[in-house]
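Open the model in your viewer and keep the sequence panel in view. The stops below say what to select next and what is there.

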Amino acid sequence: MTPLEVDAGELTAEEIIDAIRDGQRVVVTADLFGSEQTLTLRHDGETFYCDTPTRLHKHDDEAGMLTCIEKMGYAKQGDA
C-alpha cells in the first residue's frame, strides 16, 4: 500500500488514526526544531510507531498514539 503523505496540520488526528488503522503508513512533513523533517506514523497490528529523525516512539494503544499526534502538532489544531 502506498504511504499517505501529508503536511503537519493537514488532517485531523482521527483521520490520521483511521489511515493507520487501515494499514497505511502516514508520512508527515513537519517543522521540528526549526527545520523541515519527515516522520512516519504506522501500526504493525500490535504496536503503534512514530519514526522521527531522532527517535522511535512506541505506543501500546491507539489512545497513546492519538495523544502523541495531538501533542506533537501533526494533526489539525482543535480537532481530535
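**Stop 1: Glu14 and its partner**

Start with Glu14, which is partly exposed, with a relative accessible area of 30%. Keep in mind that this is a predicted model. Show the side chain of Glu14 together with that of Arg21: the two form a salt bridge, and their closest N and O atoms are 4.0 Å apart.

**Stop 2: Arg21**

Centre the view on Arg21. This residue counts as partly exposed, at 44% relative accessibility. Now add Asp18, whose side chain meets that of Arg21 in a salt bridge, at 2.9 Å from N to O. Colour helix α1, residues 13-21, and you will find Arg21 and Asp18 both in it, three residues apart, or about one turn of the helix. Asp18 counts as partly exposed, with a relative accessibility of 31%.

**Stop 3: across to the second helix**

Stay on Arg21 and select Glu62. These two residues form a salt bridge as well, with 2.9 Å between the closest N and O atoms. Which parts does this pair tie together? Arg21 lies in helix α1 and Glu62 in helix α2 (residues 62-71), so the pair links parts that are 41 residues apart in sequence. Glu62 counts as partly exposed, at 30% relative accessibility. Show Glu14, Asp18, Arg21 and Glu62 at once: salt bridges that share partners join them into one network. As background, side chains of opposite charge can pair when their charged atoms come close. A search of the whole structure finds four salt bridges.

**Stop 4: a patch of negative charge**

Switch to a surface view and select Asp7, Glu10, Asp31 and Glu36. They gather in a patch of negative charge on the surface. Pick out Glu36, one of the patch residues, and trace its backbone: Glu36 lies in strand β3, residues 35-43. Is Glu36 buried or exposed? Glu36 is exposed, because its relative accessible area is 67% and the cut-off for exposed is over 50%.

**Stop 5: Asp44 in its loop**

Go next to Asp44, in the loop between β3 and β4. Asp44 counts as partly exposed, at 45% relative accessibility. Show its side chain with two other residues. For the backbone of Thr47, look at the nitrogen, which lies 2.7 Å from a polar atom of the Asp44 side chain. For Tyr49, look at the side chain, which makes a polar contact with the side chain of Asp44 at 3.1 Å.

**Stop 6: Thr52 and Arg55**

From Asp44, draw a distance to Arg55: the two are eleven residues apart in sequence and 18 Å apart in space, C-alpha to C-alpha. Then select Thr52, in the loop between β4 (48-51) and β5 (56-59). What does the side chain of Thr52 reach? Show the backbone oxygen of Arg55, which the Thr52 side chain reaches at 2.8 Å. Thr52 is buried, because its relative accessible area is 16% and buried means under 20%.

Note on methods: Residues are numbered from 1 along each chain as its sequence is written. This is a predicted model: local features need pLDDT of at least 70, side-chain atom pairs count only at pLDDT 80 or more; totals for chains, interfaces and linings use all residues. Side-chain values use heavy atoms; hydrogens and water are left out. Patches are made of residues with over 30% relative accessible area and no salt bridge: like charges are joined within 9 Å, nonpolar side chains (Val, Leu, Ile, Met, Phe, Trp, Tyr) within 5 Å. Accessible areas come from the Shrake-Rupley method with a 1.4 Å probe; for residues, only the protein chains shown count as cover. Lys and Arg count as positive and Asp and Glu as negative; His and the chain ends are not counted. The place of a charge is taken as NZ of Lys, CZ of Arg, CG of Asp or CD of Glu. Helices (H or I, at least four residues) and strands (E, at least two) are DSSP runs, numbered from the N terminus. Buried means under 20% relative accessible area, exposed over 50%, partly exposed in between (1.4 Å probe, protein chains only). A polar contact is a pair of N or O atoms within 3.5 Å; within protein, one must be able to donate a hydrogen and the other to accept it, and residues adjacent in sequence count only if both atoms are side-chain atoms.
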